[in-house]
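Biologist: I am new to this structure and would like to go through it by question and answer. Could we begin with how two of its helices pack?

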Amino acid sequence: MWTGKPAWPGVRSEVLRIALLLVLLAVAASGSGFLARVDHLLFDVGQRLHWREISGDLLIVAIDENSLDRIGRWPWPREWHARLLQILCASKPAAIGIDIAFSEQSDDPLADALLAEAIATCANVALPLVIEETRVGGQLLESPPIKPLAAAAAAIGRIGVHLDEDGIARSVDLREGIGSAAWPLLAEQVLRIGGQWSAQAAEAVVASERQEAGQELLRQDRQRIEFVGPPGSVPRYSYVDLLEGRVPPQAFAGKLVLVGVTATGLGDFVPTPVSGLGQPMPGVEVLANVLISMRDGRLITTLPLLPTLLLAGLLAIVPLLWLPRLMPLPGLLLSTAWVLVLGLACALLPGLVQLWFAPGGTLLAGLFAFPLWSWRRLEAARRHLDYELRQLRAILPDRRTPADTSAALRGLSFEQRIAWVQEAQRTMQRLEAQRNDALAFISHDLRVPLASAVGQLEGEARADPERLLPPLRRALGMAQAFLWLARAEALDRRGMREVELTSVLQQAADELYALARERRLSIVRQLPDEPVWVRGDFESLERSAINLLQNALSYAPPNTSVSIGLDRPDAAQLRFWVENDAEPLSAAQRAGLFRRFGGGERGAQQPASTGLGLYFVRTVAERHGGSADVECHAGKIRFTVVLPGSKVPAPDEHADLRRSTDDRRPRGRSAAAT
Amino acid sequence: MCTGRAGCDACVLTVRIAYLEDDADLAATVSGWLRDAGYEVEWFASGADCARAIESWPFDVCLLDWMVPDLSGPDVLARLQLKLRQAMPPVVFSTGRDGEADVVAVLTAGADDYLVKPLSRPLLLARLQAVMRRQNGVKGPLPSQSFGRLSVDHGRRQISLDGQLLVLTERETDLALYLFQNVGRALSRERLIQVVWARTADVDTRTVDVHVSSLRRKLKLNPEFGWRLTAIYGHGYRLEREGSPA
């Protein structure tokens, strides 16, 4: 494996492709806004992480439960409000904002007049305007305070916040209106009256102009509110306490005062990022928060769409800085950390620099970076594995693995591929062992007789062929045995054809007839008359039988006989054997016989033995799916080769023979063998 | 032995042999054997030269090595077959390769026989003699042959062992007579089928094996009786005399 520099071929283009994919993902997710909820969640987390100290110059006069209990059901007669204003103004507050919509005449015109007078007297009261939907038709309507009050007010400002798709108030539109975005916020107006707002005054909008502009609701300058704390953070005085003189008058001197409803029963509540579900924030407190944000210049600007997409795209590819250079685990950890840090940073950004960047798309890309990269890396690893497998299969002689086309390779699972590689590795080890054997064979077994022949030729003036030939024959025999063995090890069962086993064994016996005569031994053939078919390799089976016979002829005492036979121990097996008289072998000797160069102790007595003969027999038997064994019984030693082979239907010889003598007989009836 | 007879034939006919072999030492030795046996030998170290010479002045028999620079033995064979067609002399391959696939490939390509290196002098002479006999052709059925204990009467289509007439089927008789006409030659299964089963369509090649195996048993074609009936891998059979009858 690799660390540090990325190493696999094509990694650069792979990085580019993943980068493109991540950028697309981030931009698409950010642009479509389907991760808005994630963004909201992060924003809310940020809001809760960032409490601020509230300065004491803003007070709320709260129409709370207590006031309702004491004064009576809402709506209250307007003279109460007039009295409140008189008390308030007496302590000279900087400005008063009333978060109560006086958009309809009350039943008592006198009360309206009283209120108008109180407002005019104060001269620093801002009244609200509500933009609402009419009950019928869903038409939007601006509802300003009734004329006398509006005329008396120092300013009129719009109340209302923007609710996001999850129903939570996070932002306000600084300007909004029907036909033209004309109305400033009530908070802004209160600030302006209090002399704490430096921005230019709202342009006076003539009603007739607005009529022409149509009925569309227009908004401008949407900005997010920075909440100072959970509901109740802004100091409050109860309305009724104020009326009944329980509040010291100087409490309001020079302060900004907002009057509004906080009693739960009256329903003027909105859910906010800082309020839990069970504790929404009174409208007047939201207004207070807006006011504080505006005054302190802490309204949060949302990054516009284009820069958001650009930034999302840029941040999306950041993980690719480290992924190609790290191992999977550090890559995973770092990618996870990246997503967490990015999320946290974006949540904290509004509190620090009053800027909101919606990170949903970027986070999604960050989450996908590791899986995508791992996928490509695995693909690359798989391609490499397949390539190496094909290479291995091309060079390795081992063809036992199930399939050999790349199509078959494609169908394999990753684990199977690994198993294949392991298999190939084992084959390599086996080959290595064989190579070492071959080297040992050449360096010792082959070199010794050749060196002896060369020594004789060099040493004497005239080398005696009688003495020269045996070592040379031995070397040649060794080389031949080694080649046969190599061929046997490469045998492939799939390439085998049907072979007539009796003639194979007959032929082997023929081959050794001369040797047997020379040693005054006879070969007894206990072979069946009828042909016996087996799937196999003619040459290696013949060579096996020859090796067994040679072995038997080497060890049989003179004037005895060596038997070769063939039978069928059961329906699915064939067995041929070679038997000679011999001393029984110990179990250890028997076990060692079929090993490579295993005939050792026995073979040492016989100069012609290569030590490969019986190993060859075993190899051939195993390559045919069978086995080789030896047993000692009653002064005989019997070498057996068992081959898998059920009865193969012989060619229709009888019909053929019959037809040759009598063509008129119908075919297919069984006839006695000749 | 056969060698003596071959020498006599050669005296009369002066048989010319084209010998392709790139190993000069080996070529000198083998050429010596062949000249001693009375053949006229022309040695080539290059396949292309050899092929040109044979094309221009037909030889009686070709002994080709498999591995030679430029044109290899099989290439020479293919080229000669293309140019000479019916006038093709018999071809014997000498090869260091004794794998079944290689031997069968050579025989299938049209060679008449093969020898595996290292060459043995009697075997080489026997093979050459056998293929040349084929070339001269069998002029009519031989009246009869006597091989020690076996005697073959081609005219009466009878085979007897130790004077005892053997009972054979029609096909077995055909096959036996054909094998005895071609002692020492490599005979492919296809050829045996052509000759023995000429009128029968779609003969299973294993049928040949069955009949050969039954002949081996009935005629005692084994070394004890002075015979060897050898299967040449998947290609065919060869019937040879072995040593002297027991």
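Biologist: How do the axes of helix α7 and helix α10 of chain A cross, oblique or parallel?

Modeller: This is a predicted model. The axes of α7(A), residues 186-193, and α10(A), residues 283-295, come within 9 Å and cross at roughly 55°. Angles from 65 to 115 degrees count as roughly perpendicular and those under 35 as roughly parallel, so the crossing of α7(A) with α10(A) is oblique.

Biologist: Into which classes do the residues of the contact of α7(A) with α10(A) divide?

Modeller: From α7(A) come Leu186(A), Ala187(A), Glu188(A), Val190(A) and Leu191(A), and from α10(A) come Leu287(A), Val290(A), Leu291(A), Met294(A) and Arg295(A). By class, these are eight nonpolar, no polar and two charged.

Biologist: Which helix gives the largest share of the largest nonpolar core?

Modeller: That core has 105 residues, and those with the most contacts inside it include Leu501(A), Ala545(A), Val61(B) and Val92(B). Beyond its neighbours within four places in sequence, Val92(B) touches residues including Val61(B), Leu63(B) and Val131(B). The largest share of the core, seven residues, comes from residues 538-555 of chain A, helix α19.

Biologist: How many nonpolar, polar and charged residues has the side of chain A that touches chain B?

Modeller: The contact joins 23 residues of chain A to 23 residues of chain B. Among the elements of chain A that each supply at least two residues to this side are β16, α17 and α19. By class, the side of chain A has seven nonpolar, seven polar and nine charged residues.

Key. Residues numbered from 1 in each chain as written. Chains lettered and ligands numbered in written order. Predicted model: local features only at pLDDT ≥ 70, side-chain atom pairs only at ≥ 80, totals over all residues. Axes fitted to C-alpha atoms, helices over the stretch in contact; angles between N-to-C directions. Helix = DSSP H or I, 4+ residues; strand = E, 2+ residues; numbered from the N terminus. Parallel < 35°, antiparallel > 145°, perpendicular 65-115°, else oblique. Contact = placed C-beta atoms within 7 Å. Nonpolar A, V, L, I, M, F, W, Y, C, P; charged D, E, K, R; others polar. Core = buried A, V, L, I, M, F, W, Y, C linked by C-beta atoms within 7 Å. Buried ≥ 20, exposed ≤ 12 C-beta atoms within 10 Å, placed from the backbone.
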